[in-house]
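Work through the exercises below with the sequence and the 3D structure open beside you. Try each task before you read its solution.

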Amino acid sequence: MSLNPNQNSLPTPERDTKYWIGVVSLNHVQKGVEGGFGQLCHGKERPLKRMQKGDWIIYYSPKKSLDGNEPVRAFTAIGRVKDERIYEFQMAENFIPFRRDIDFYKDAKAVPIKRILDYLEFVEDKSKYGYKFRFGHFEISKKDFLLIAHEMGLPLKYG
């Protein structure tokens, strides 16, 4: 299931919707989009617990692959947390990460951070913008979310 492209405003849930950034290499983001799931911080459960059904997540990919050095430095996927379920998934004999189901907007366009860097509130020092991403998962303002979502092509009103 993908997001309704005719949706033109954020819904008003019982609690305030939160907006998150997840920092994941592009090839891992692509696997998540294809499979409809999200993983964060090398499969840790805690960041997934911070999110709730209806929250939004934008993935930022600093590079193409976890072990590689090819830079991407772009927002690469956007989606919404589908439900409250967090589950383990065995990817290898010794790697069983935690996941959450995410309803990704499949038509999202990658947005290089440098294109919108000057407008992002969560980046305190524009000359050291990568610092914030070292946390792997963090909350952003609705304003920053709407800016990035608009640039990615998500059909939401900005402002």
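**Exercise 1.** Which residue in β6 does Phe75 stand opposite?

*Solution.* Before starting, note that this is a predicted model, in which local features need pLDDT of at least 70 and side-chain atom pairs count only at pLDDT 80 or more, while totals for chains, interfaces and linings use all residues. Residues are numbered from 1 along each chain as its sequence is written, and side-chain values use heavy atoms, with hydrogens and water left out.

Step 1: find the strands, which are DSSP runs of E with at least two residues, just as helices are runs of H or I with at least four, numbered from the N terminus; strand β4 covers residues 71–88 and strand β6 covers residues 111–112.
Step 2: β4 and β6 pair in the antiparallel sense over two bridges, where pairing requires that DSSP finds at least two bridges between two strands.
Step 3: Phe75 of β4 stands opposite Val111 in β6.

**Exercise 2.** Find the other strands that pair with β4, and name a residue pair for each of them.

*Solution.* Step 1: β3 and β4 pair in the antiparallel sense over seven bridges, and here Tyr60 stands opposite Phe75.
Step 2: β4 and β5 also pair in the antiparallel sense, over six bridges, with Arg80 opposite Asp103 in β5.

**Exercise 3.** Why do the buried residues of α1 line one face of the helix?

*Solution.* Step 1: Leu26, Val29, Gly32 and Val33 of α1 are buried, where buried means under 20% relative accessible area, exposed over 50%, and partly exposed in between, with a 1.4 Å probe and protein chains only.
Step 2: seen down the axis of α1, these buried residues fall within an arc of 120 degrees, so they line one face of the helix; the arc is that of the directions from the helix axis to the C-beta atoms.
Step 3: on the other side of α1, Glu34 and Gly35 are exposed.
Step 4: the cover of the buried residues includes β2, β3, β4 and β5, with contact meaning heavy atoms within 4.5 Å.
Step 5: just after the helix, Gly36 takes a positive phi of about 70 degrees.

**Exercise 4.** Which element gives the most to the lining of the largest pocket?

*Solution.* Step 1: α1 (26–35), β2 (37–38), β3 (56–63) and β5 (98–104) each supply at least two residues of this lining.
Step 2: among the elements, α1 gives the most, with five residues.
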